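Reader: Hello! I am new to this structure and would love a close look at one part of it. Could you take me through it slowly?

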Amino acid sequence: MAANDDAYLKKLCDQRPWPPHRALWQMAYTNYRSHKGNPWHVARTNFIPDVSKQQTDLYESRSSSQWFVKIRRMQLKSCPMCGSSVTGTVDHYLPKEDFPEFSVMAANLVPACSHCNSGKKGRTFRGVTPNERFLHPYFDTLAGKPLWLTRIIPPYEAAQFKAAPLPGLSANNSELVNFHLRHVLGTQFDRNAENLWATYPQYLRDEVGGSAPVSPAARARKEVASSLRTSISTSGANSWNASFFRGLLEDDGARKYLARAARTLTATPLPL
Ligand SMILES: [Zn+2]
């Protein structure tokens, strides 16, 4: 990616008005990579004369080029920023309005979903302490590991859902993940969790099948563990669904409530 970025910049800087800015711009790229895009270490570069508007506009004028289409079409199990099942758009890790020099740098263009792109993240790129920033899907090695779960907040009849960092992360990583979750998850995340919560009793009923009672605890736990495995393999370790079942697996009370609810249902008849 670095070689491609530099080659693209070199080509771009053959055209007006960019030739005089090439050296400084290349330095900004190198600096971005050496600090892994971290907004607490990458400072905005001021070009003289000011070309920030032209740099920001480069993104729009080139967004249909092969270069960007490739990022949008990356094969992903879920959105690498928020974990939703939607993919197909591109987000600027450092917003192009604040860092126009990175508006067409591939390392700064992360695949994301429409929720992320239109959501509450907006132009936020960091918080108030050095651990408060977004996870960078390309540079944070942490991003490949399970990082969070969904806590189910009683009363279960009107359960609410709260995303939380996995217990066991270091204090620094926990702060990072917490900031990330607070700024990428919107109402669609809640709707998804509500939907899983509402439909899971029927799933439990159907998996147990026939007229056998849904035995408490043990059977429900096994089914939840299996749903978690399936979610991880089909949607990824930090997908909304994996986070939901990870939370449910840790929550005896919530699981028992769902198993009780399943007992009152009849199995969905198999289609003929
Ligand atoms: Zn997203």
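Reader: Is the crossing of α8 and α9 left-handed or right-handed?

Author: Happy to help, and please keep in mind that this is a predicted model. The crossing of α8 and α9 is left-handed.

Let us look at how the pair is placed. Helix α8 covers residues 218–235 and helix α9 covers residues 240–249. Their axes come within 8 Å of each other and cross at roughly 155°. An angle over 145° counts as roughly antiparallel, so α8 is roughly antiparallel to α9.

Next, the residues that meet. On the α8 side they are R221, V224, A225, S227, L228, S231 and I232. On the α9 side, their partners are N241, A242, F245, R246, L248 and L249. Sorted by class, this contact has eight nonpolar, three polar and two charged residues. As a general background, nonpolar side chains tend to be buried together in soluble globular proteins.

One residue is a good place to zoom in: V224, which sits in helix α8. Its relative accessible area is 1%, and since buried means under 20%, V224 counts as buried. Leaving aside residues up to four places away in sequence, V224 touches Y200, F245, L248, L249 and R255. Among these, F245, L248 and L249 belong to the α9 side of the helix contact. You can also find G247 here: 23 residues separate V224 and G247 along the chain, while their C-alpha atoms are 9.8 Å apart.

Now let us step back to see where this pair belongs. The protein chain has 10 helices and four strands. Read from the N terminus, the elements run α-α-α-α-β-β-α-β-β-α-α-α-α-α. Along its principal axes, the C-alpha trace spans about 75 × 45 × 25 Å. The chain has 272 residues, of which 46% count as buried. Among contacts with a separation of 6 or more, 68% are between residues 24 or more positions apart.

There is also the largest nonpolar core, which has 48 residues. Those with the most contacts inside this core are W25, C82, L94, F102, W148 and L185. The elements that give two or more residues to the core are α1 (2–12), α2 (22–34), α3 (52–62), α4 (66–72), β2 (109–112) and α6 (171–184). Of these, α6 gives the most, with five residues.

Before you go, a few spots in the backbone deserve a glance. Most residues other than glycine have a negative phi, and most peptide bonds are trans. The loop between α2 and α3 holds K36, a residue other than glycine whose phi is positive, near 50°. K36 is partly exposed, with a relative accessible area of 48%. P49 lies in the loop between α2 and α3 too, and the peptide bond from I48 to P49 is cis, with omega near -5°. Another cis peptide bond joins P154 and P155, where omega is about 5°. You will find P155 in the loop between β3 (148–153) and β4 (160–165).

To return to your question, then: α8 and α9 make a left-handed crossing, with V224 of α8 buried and touching F245, L248 and L249.

Technical notes: Residues are numbered from 1 along each chain as its sequence is written. This is a predicted model: local features need pLDDT of at least 70, side-chain atom pairs count only at pLDDT 80 or more; totals for chains, interfaces and linings use all residues. Side-chain values use heavy atoms; hydrogens and water are left out. Axes are lines fitted to C-alpha atoms, for helices over the stretch in contact, and angles run from 0 to 180 degrees between N-to-C directions. Angles under 35 degrees count as roughly parallel, over 145 as roughly antiparallel, 65 to 115 as roughly perpendicular and the rest as oblique. A crossing is left-handed if the near helix is turned anticlockwise from the far one by less than a right angle, and right-handed if clockwise. Contact means heavy atoms within 4.5 Å. Ala, Val, Leu, Ile, Met, Phe, Trp, Tyr, Cys and Pro count as nonpolar, Asp, Glu, Lys and Arg as charged, and the others, Gly among them, as polar. A nonpolar core is a set of buried Ala, Val, Leu, Ile, Met, Phe, Trp, Tyr and Cys residues joined through side-chain atoms within 4.5 Å. Buried means under 20% relative accessible area, exposed over 50%, partly exposed in between (1.4 Å probe, protein chains only).
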